[in-house]
Amino acid sequence: MQNSFLYKDNEYHVEDVPVKEIVKSVGTPCYIYSASALKKSFNLYREAFSSIDPIICYSVKANSNIAILRAFARLGAGFDIVSGGELYRVLSADGDPKKIVFSGVGKTNEEIKFAILSDILFINVESIEELSAMDITAKELNKKARVAIRVNPDIDPKTHPYISTGLRESKFGIEFDKALDVYKKASVMEGIDIVGVDAHIGSQIFDLTPFADSLKKLIELADLLCKEGIDIGYIDIGGGLGISYETDDIPPEPREYADMIISELGGKEYKLVLEPGRSLIGNAGILVTKVNYLKEGETKKFVIVDAAMNDLIRPAFYDSYHEILNVNESTEDEEIVDIVGSVCESGDFFAKDRKFPKVKRDDLLAILSAGAYGFVMSSNYNSRPRVPEVMVKGEEFFIVRERETIEDLIRGENIPDFIK
Ligand code: LLP
């Protein structure tokens, strides 16, 4: 965790604001983000890659709050989107359409139209049918759709299977061996303007070798296409760099990642596009929750908190580890506990068999590394209103999303006459 999150006088702070002060204002659970941590991560990328000046497209799916998007836009970031909703968010946050790339296997005609009319940098095409749909939509609009074809490089990124995307059996992209053919087809489509090649192999990746292997394949393809007279300006290598969730995790620094990429590119003129999400925002956010009850089961001790799997689903979904701290630095003896939420599912846990300093009712706990794939994956399961999000900068904090009310829960629902 970067030093925007730290204990001062035994109390956990986000930058210069005590977590307790934020909780007094918005209650628990709540997400808290550090504007400085986000800026620091972005600048690490920018500096590492400065010699080739790539387009760093922050991957909106990691955290799409419009204040976060505005912060990245002001830092000069572009955006990687996967839906019309994300495009709307980026435009609302004043993101530059000329730095937006659009991936996803199931783009609708409306989404394609929205992207073409917004004049985004390019759309990553994931199938031949999608390519035809794009051609038709562009022609209807009397425009051309700028595209890159997402290829599936068949590379194992050695990460959780749910977040591996570049394997032969995965639903993403077009088989590498078929790519040349598809590019040739695309090159004669009136509505299509080919500008790049693209791949994304997965997420939370610690080993640089799969990235290098994927980039080699993209360069090989781009060179071949150029030889065939199909002009390639951009190589989009996707996102995926991992972050540290546990103290033993040592992911590659953006600098090492950049050095590898720059050396693979070997001075070739392609403009590089990156799509990092987690490595820009993951460690810039925490989820704060309150201890509701302590309960001794027959074989286990449970700490029951007021956040649950609907607020942060990563432990339940991927069995992922998140560091947890007591907001009041604790000197209590440690005991082995499960830290769990109150949703009616056994999978609703934040930590299992975790050594943790003894807590009491009403203690505040901070669940770390929750900035990416946290709030965005939250739901109203068990009819729980979604929690607020707060952004901190120095001594100031601002509520960037309000807590939902119970009235919000039934908004848009109607009871038909035939059961009245
Ligand atoms: N580009 C594309 C096409 C992607 O599919 C993704 C993530 C990214 C970029 C950003 O990847 P990152 O730099 O954040 O690794 N919910 C999961 C992660 C799913 C990632 C999906 N794709 C989790 O909580 O671990």
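A backbone N or O atom of Gly277 sits 2.8 Å from an oxygen atom of the ligand in this predicted model, a polar contact being a pair of N or O atoms within 3.5 Å (within protein, one must be able to donate a hydrogen and the other to accept it, and residues adjacent in sequence count only if both atoms are side-chain atoms). Gly240 also brings in its backbone, with a polar atom 2.9 Å from a ligand oxygen. Ser203 uses its side chain instead, placing a polar atom 2.4 Å from an oxygen atom of the ligand. Taken alone, the ligand exposes 590 Å², and the protein buries 92% of that (Shrake-Rupley areas, 1.4 Å probe).

As for the wider shell, 19 residues surround the ligand, and Ser203, Glu275, Arg314, Tyr318 and Tyr373 come nearest (a residue counts if one of its heavy atoms lies within 4 Å). The shell divides into five nonpolar, eight polar and six charged residues. Both domain 1 (5-32 + 282-410) and domain 2 (35-280) give residues to this shell, so the ligand lies between them; the domain bounds come from an automatic or database assignment.

Residues are numbered from 1 along each chain as its sequence is written. Local features need pLDDT of at least 70 and side-chain atom pairs count only at pLDDT 80 or more, while totals for chains, interfaces and linings use all residues, and side-chain values use heavy atoms, with hydrogens and water left out.

Notes:
Ala, Val, Leu, Ile, Met, Phe, Trp, Tyr, Cys and Pro count as nonpolar, Asp, Glu, Lys and Arg as charged, and the others, Gly among them, as polar.
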